[in-house]
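Hi,

Here is the structure I promised to pass on. Have a look at it first, and then read my notes underneath.

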Amino acid sequence: MARVVVDVMLKPEILDPQGRAVQGALGRLGLTGVSDVRQGKQFVIDIEGDLEGDRLALMHTLAEELLSNPVIEDYSMTVLEDAQ
Amino acid sequence: MNPRVGVVTFPGSLDDRDAARAVRIAGGEPVALWHGDDDLRSVDAVVLPGGFSYGDYLRCGAIARFAPVMHSIVEGAKSGLPVLGICNGFQILCESHLLPGALTRNDSLHFICRDQRLRIEDTTSMWTSDYEPGDEIVIPLKNGEGGFVADEKTLDMLEGEGRVIARYLELNPNGSRRDIAGIRNERGNVVGLMPHPEHAVEALVGPTTDGLAFFTSVLNSLVGAA
């Protein structure tokens, strides 16, 4: 069993109005000094068996082409083996 | 015989019926296409309508891009099939990489619904040829994720090649870069537009009939080419 964690974030140059709204809320709730907030997505994918070879390559491809849009987003992927 | 214009229905499409009606009023024959079927039924052109395909899950248009019908449409578009993507359809065209850039959350974070004034910038596309450059039109706009973004190089390329087909006037409703409301591909057969021309084709139920020319344009382009 493998667990794949894919984080997707808007590229730094893309405006993130949701993050900006959250930043405003944090300030209103008393948290001082917040200089930036970016909001992203996390996918947690459990896969049977070991993730290697072609299947690992396909997972990377799908993280880039399905789970993220490379025009506006970057992704990072971590594979945790022997996840319970 | 009237040109056959396919209108795709995805799960969550809203404006497929209005798009079909606009095709009919313009003088074409609307043909219903289904997301799960890769058969384009010999249509001469395709409209990807507005709505919330697959619930807008993941990203707007991200899942629709992989629908069987899209494989055929992408293939057809590359060999000249006219394709118009309206609103969610525009998002699907960007996700499919038939058009550059992406549509992102409105900068105001609000869903915007208004009658929007636009300037038609380019009339060389198959979907805008019945307009004159500089025409000002008013058609409905309704979106939550309509902010057009692309890197500066892509924006300069779109401007330089005259591929911005329409621009927002008076007010930029969603933070689109350079007030861009719609763009075309290099060949001019594929057009994406965030506002809704299909809701402005009849005086009784639209703010204007300014949207009709998108549909007559493609019919005339097809007849002219035949």
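To start with, in what order do the nine strands of the open sheet in chain B run? The order is β2-β1-β3-β4-β11-β10-β9-β6-β7, and the pairing is mixed. Keep in mind that this is a predicted model.

At the edges of that sheet you'll find β2 (29–34) and β7 (136–143) of chain B, each with a pairing partner on one side only. Going from one strand to the next, the twist averages 25°.

Let's take the β7 end. Strand β6(B), residues 112–120, runs antiparallel to β7(B), and eight bridges join them. If you want a spot to click on, B:Leu118 has B:Ile137 in β7(B) as its bridge partner.

Now for β10(B), which covers residues 180–184. Why can we call this strand largely enclosed by the rest of the structure? Because five of its five residues are buried, taking buried to mean that 20 or more other C-beta atoms lie within 10 Å of a residue's own.

β10(B) has antiparallel partners in the sheet:

- With β9(B), residues 164–168, β10(B) pairs over three bridges. B:Arg167 is matched there with B:Ile180 of β10(B).
- With β11(B), residues 190–193, β10(B) also forms three bridges. Here B:Arg184 has B:Val191 of β11(B) as its bridge partner.

β10(B) and β11(B) make a hairpin, with five residues between the two strands. In that turn, look for B:Gly188, whose phi is positive at about 90°.

Cheers

Key. Residues numbered from 1 in each chain as written. Chains lettered and ligands numbered in written order. Predicted model: local features only at pLDDT ≥ 70, side-chain atom pairs only at ≥ 80, totals over all residues. Pairing = 2+ DSSP bridges. Helix = DSSP H or I, 4+ residues; strand = E, 2+ residues; numbered from the N terminus. Axes fitted to C-alpha atoms, helices over the stretch in contact; angles between N-to-C directions. Buried ≥ 20, exposed ≤ 12 C-beta atoms within 10 Å, placed from the backbone.
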